[in-house]
Amino acid sequence: MSVATQAPFPVSRGLAIALAAAGPVAVGGILAARAHDASPMLAAPAIVFGVVAATGPALYIATAAAGNAPPLAAVIRAFGVALGAFGLALAGLLLPAAFLSLSAVSAATTLTATTGTVAIAGYLGLRRLATELKAQSPDPGIQPSLAGGLVFLVWAVATAAIAGRLWWDLAVEVVS
Amino acid sequence: MIAAMETTPAPAPRPALAMIDLLLRDREAMLARIRRGADLAAIMRTMIATIAVTMAIVGAALGSYRGGVQIAYAAAKLPLVLLGTAALSAPALSAIGAALGRRSRLTADLALVMAALAFGALLLVACTPLIMLGRSVDLDYHRMILAVVAMFAVSGGAALRMICRGVALEAAPGWRTAVAGLCVVFSLVGGQLAWALRPYLLRPRAPEPMFVRDARDSLFDSITGSMRSARGIYVRDAAPLGERGP
Amino acid sequence: MSVASLGVGYIALGAVISLVIAGLKRRMSPGEALWIVGLWPLYAPMSFAHAGAGENHREAELVAALARAKASPLAAVLPDPESVRLLGARLREACARLVDLDEVLARPDFDPATVTQRATELSARGAAAAAATAQLRVRTLGQLHALRERYRRELDEVGELIAQLVTQAELVRLQPAIAHASGELVRELVARVEGLGELFAYQAAIETGDSAEYAPGAGRS
């Protein structure tokens, strides 16, 4: 049974998306608690959703041009599932990140813990996006094309780098 | 069908000791119970109580190396370390798996992790005679530390194996990544919590035992500090004078 | 922040979560509250699993599956919204009863082996009437255990039918021609859920001491 014939998460999709919104707020809250500055709580979700909104259309255009794109509705659904996966992963990693950050003495540990949490959740979200797009592709049984895979890889690296840079600049500015 | 209804009924959920015995003798059956979702709350309570008692015994054994009040200190702290680490880390298994498409219930995963940790803790209790032996032959402090690390490694490996077995049974997508993620999170959180609540095995010639050391730094701060020192970057003129070696 | 102050924060959060769950469940024992306060990341999900008022995963699965099927050519053979609501309520009731049975049969005094031993002891002491009552209790416990297994089997079968419905809905989307043949699956699912009512009646009979035996509707084992 392909991923597409099952509900994507053991929780409702709405809850998963809500976690994707609340998760970055909570991670920003860890930074805020450390730095006594509430701005990361607003900036973190803005980075997540802003970067996805800015780079998402580019992925669809590029994969369509490579001849491997699922229908637009399926791509939007895949992004929704990926965001939900990101939120779920953040929900599970939040407690350890909070403990490691708040029990640390130096700012470097806080930076590492929060950045690592967001990075791992982001990686899982991207991985889930790849799985969903593959499942939704026009011919899922056929080996995906090299061009399509390359397009996704380049897009993923670029998106992760943009989001990562924005996050790092925010975190360093707030914590140092 | 009606005759089948009248045959010997399925046994009622076993009391706590029988559940622990099942964990030791037949882990496949325990995994099957957890997968079925039967009595998860009762399993959870039993496993938590098992961890609390067994780690207290192990802590007392470690504290006996120094003796005196250190026995009580270590007996109180070790259960906090393992239960605290489990509480903070266990949800990561479900969360990472769910993100990758693994369909499981959080309650079953938590029960699985606690059952596995309880199994590891029981193995550690089985190792306490070795700790007592080390004390009785006056094994030196550093060898004792290495021996304890080896015991914890064996027990931890057994617990991890049980988790892998329980999760692999579903053959769900992303289970390996979920287990790997749990290991990483558990190691980081457990390392930090254990560091914060040290000492446990205090050398006999150490000064007056204390419940916890003054928190000058976290584990990771200490590691990064050591890495900086190794590169010749120092933040103070001299290290504080340590206690005399054994 | 020291570990001690983090610990205080952890306990405080546990207390808040305990109050929330107590509000949802409307009744909570002090012991359960302590468990939640001390180990809320581990124990709170257990309590939430029992406290979900009106929600459980089977009902949610059924509703979601029917919603997906409604968007496919299977829509013509699906029950109407009111029937779906009634089916969901029945499934929710069955799941709640299974949870209750699990809790009740977990009690030490509901262990058939313990009660059998008690009956034997009473009989050996010459307390024939008390022994007969104990034997009756053994029989009743046997019926309750069998009932619990029956609930589990029926709910597992319903779960598999729901999963099959979801798969069938996707297949029908690709091959609309087979939609008509999928009607049997929907009828089977509806019949299974409606058949849970017979289990409710049987449970009521046990609880009132009626010794009538379980007799499901024709065509179902």
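**Chains A, B and C of a predicted model**

Student: How much of chain A counts as buried?
Tutor: Of the 176 residues of chain A, 44% count as buried, where buried requires 20 or more other C-beta atoms, placed from the backbone, within 10 Å of the residue's own. This is a predicted model, in which local features need pLDDT of at least 70 and side-chain atom pairs count only at pLDDT 80 or more, while totals for chains, interfaces and linings use all residues. Residues are numbered from 1 along each chain as its sequence is written, and chains are lettered from A and ligands numbered from 1 in the order in which they are written.

Student: And what is the figure for chain B?
Tutor: In chain B, 43% of the 246 residues count as buried.

Student: Which secondary structure elements does chain A have?
Tutor: Chain A has five helices and zero strands; helices (H or I, at least four residues) and strands (E, at least two) are DSSP runs, numbered from the N terminus. Along the sequence the pattern is α-α-α-α-α.

Student: What radius of gyration does chain A have, and what would a compact globule have?
Tutor: Chain A has 17 Å, which agrees with the value near 16 Å for a compact globule of 176 residues. The radius is taken over C-alpha atoms, and the globule rule is 2.2 Å times the number of residues to the power 0.38. The C-alpha trace of chain A spans about 55 × 30 × 20 Å along its principal axes.

Student: What share of its contacts links residues far along the sequence?
Tutor: Among contacts in chain A with a separation of 6 or more, 79% join residues 24 or more positions apart. Two residues are in contact if their C-beta atoms, placed from the backbone, lie within 7 Å. For chain B, the corresponding share is 77%.

Student: Switching to chain B, how many helices and strands are there?
Tutor: Chain B comes to 10 helices and zero strands.

Student: How many residues does each chain bring where B meets A?
Tutor: Chain B brings 24 residues and chain A brings 25. On the side of chain B, helices H5 (69-89), H6 (91-99), H9 (175-196) and H10 (219-230) each supply at least two residues. H6(B) gives the most, with seven residues.

Student: What is the chemical make-up of that side of B?
Tutor: The residues on the side of chain B that touches chain A divide into 13 nonpolar, seven polar and four charged. Here Ala, Val, Leu, Ile, Met, Phe, Trp, Tyr, Cys and Pro count as nonpolar, Asp, Glu, Lys and Arg as charged, and the others, Gly among them, as polar.

Student: Lastly, which domains does chain C have?
Tutor: Chain C is assigned domain 1 (1-53) and domain 2 (54-207), with bounds from an automatic or database domain assignment. The C-alpha centres of these two domains of chain C lie 30 Å apart.

Conventions:
Buried ≥ 20, exposed ≤ 12 C-beta atoms within 10 Å, placed from the backbone.
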